[in-house]
Amino acid sequence: MDLTETERARIAGLAQALVGSPRSTHALRAFIIEQQVRIEYAVNEVLSAQLAVDSRAASQLTLQVFSRISISDRLAMLKDTLDAGDSARRDRWPFLLPVLRKLVALRNALAHGLAEDEGDRTIITTWNRGKIQGSTYERSQLEWLAWQAEVAHQELAQLWATLIPNRDDWFVDDRFND
């Protein structure tokens, strides 16, 4: 999916501002974590849409069940969802899972490590079970991931729309019932 040039320029400007400014590490963390929260909720909605008997059940699955499952397990379930459809479904969203995996990796590094700016790149140092690891992200990589986060969110919404049943009784609305 292509974003408009205005949207791409906004995202590129934001990513450029994140690298090299005095507050960039905090802004970068906040931006990536915000994107990841939005995407995780969208993944939950996609998974719920295919399993629920109606919209109320889908909402409960989204909020109460899938939010408690690790993101790596949810991405595996999303892969099964894409593979379960015809080849057109896989062909329509071929880069969705690789992009989501990259975003999860960046989010985890930022949430559990220290980010440091060095000119046109950001170095993230993480500690896991006594092992120190470093990841380097160039400005262009951050711009690309920021853009792809928006694209992935839109693609998840499209996938959700293909999975919900085409039945009026799936959309439950009890607001007017006593």
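User: Which side chain meets that of Asp169 in a salt bridge?
Analyst: This is a predicted model. A salt bridge needs a side-chain nitrogen of Lys or Arg within 4 Å of a carboxyl oxygen of Asp or Glu. Asp169 has such a contact at 2.8 Å, N to O. The partner in this salt bridge is Arg167.

User: Is Asp169 buried or exposed?
Analyst: A residue counts as exposed when its relative accessible area is over 50%. Arg167, the partner of Asp169 in the salt bridge, has 37% and is partly exposed. Asp169 has 54%, so by the cut-off Asp169 is exposed.

User: How many salt bridges does a search of the whole structure find?
Analyst: One of them joins Asp169 and Arg167. Another joins Arg121 and Glu118, at 3.0 Å from N to O. The search of the whole structure gives a count of 5.

User: Are Arg121 and Glu118 buried, partly exposed or exposed?
Analyst: The range for partly exposed lies between the buried cut-off, under 20%, and the exposed cut-off, over 50%. Arg121 has a relative accessibility of 32%, and Glu118 has 35%. Both values fall in that range, so Arg121 and Glu118 are partly exposed.

User: How many residues apart in sequence are the parts that Arg38 and Glu150 tie together?
Analyst: The side chains of Arg38 and Glu150 meet in a salt bridge of 3.4 Å, N to O. Arg38 is in helix H2 (residues 24-51), while Glu150 is in helix H7 (residues 139-163). The pair therefore ties together parts whose separation in sequence is 112 residues.

User: Is Glu150 buried or exposed?
Analyst: Its partner Arg38 has a relative accessible area of 29% and is partly exposed. Glu150 has a relative accessibility of 13%. Buried means under 20%, so Glu150 counts as buried.

User: In which order do the elements of the protein chain run from the N terminus on?
Analyst: The protein chain has 7 helices and 3 strands. Read from the N terminus, the order is α-α-α-α-α-α-β-β-β-α.

User: What distance separates the end C-alpha atoms of helix H4?
Analyst: Helix H4 takes in residues 71-84, which is 14 residues. At 1.5 Å a residue, H4 should span 20 Å. The distance between its end C-alpha atoms agrees with this, at 19 Å.

User: What arc do the buried residues of H4 cover around the axis?
Analyst: The buried residues of H4 are Ile71, Arg74, Leu75, Leu78, Thr81 and Leu82. They lie on the same side of H4, because the arc they cover is only 110°.

User: Which exposed residues does the face of H4 turned away from its buried side carry?
Analyst: An α-helix has 3.6 residues a turn, so residues three or four places apart point the same way. H4 has a buried side, and the face turned away from that side carries exposed residues. They are Asp80 and Ala84.

User: How far does helix H6 reach from its first C-alpha to its last?
Analyst: H6 (residues 96-112) has 17 residues. Its buried residues include Leu96, Val99, Leu103 and Leu110. The reach of H6 is close to the 24 Å expected at 1.5 Å a residue, and is itself 24 Å.

User: Which residue of E2 is the bridge partner of Ala115?
Analyst: Strand E1 (residues 113-118) pairs with E2 in the antiparallel sense over 6 bridges. In the hairpin of E1 and E2 there are 2 residues between the strands, and Gly119 takes a positive phi near 70°. Across the pairing, Ala115 has as its partner in E2 Ile124.

User: Which residue of E3 stands opposite Asn128?
Analyst: Strand E2 (residues 121-128) pairs with E3 in the antiparallel sense over 8 bridges. Their hairpin has 2 residues between the strands, and Arg129 takes a positive phi near 55° there. Opposite Asn128, in E3, stands Lys131.

User: What accessible area do Leu114, Trp127 and Ile132 have together?
Analyst: Ile132 sits in strand E3 (residues 131-138). Its relative accessible area is 57%, so Ile132 is exposed. With Leu114 and Trp127, Ile132 forms a nonpolar patch on the surface, with a joint accessible area of about 340 Å².

User: How far apart in space are Gln141 and Arg121, C-alpha to C-alpha?
Analyst: Gln141 lies in helix H7 and is partly exposed, at 36% relative accessible area. Gln141 and Arg121 are 20 residues apart in sequence. In space, C-alpha to C-alpha, their separation is 9.0 Å.

Definitions and conventions. Residues are numbered from 1 along each chain as its sequence is written. This is a predicted model: local features need pLDDT of at least 70, side-chain atom pairs count only at pLDDT 80 or more; totals for chains, interfaces and linings use all residues. Side-chain values use heavy atoms; hydrogens and water are left out. Patches are made of residues with over 30% relative accessible area and no salt bridge: like charges are joined within 9 Å, nonpolar side chains (Val, Leu, Ile, Met, Phe, Trp, Tyr) within 5 Å. Accessible areas come from the Shrake-Rupley method with a 1.4 Å probe; for residues, only the protein chains shown count as cover. Helices (H or I, at least four residues) and strands (E, at least two) are DSSP runs, numbered from the N terminus. Buried means under 20% relative accessible area, exposed over 50%, partly exposed in between (1.4 Å probe, protein chains only). Two strands pair if DSSP finds at least two bridges between them. The expected span of a helix is 1.5 Å times one less than its number of residues. The arc is that of the directions from the helix axis to the C-beta atoms.
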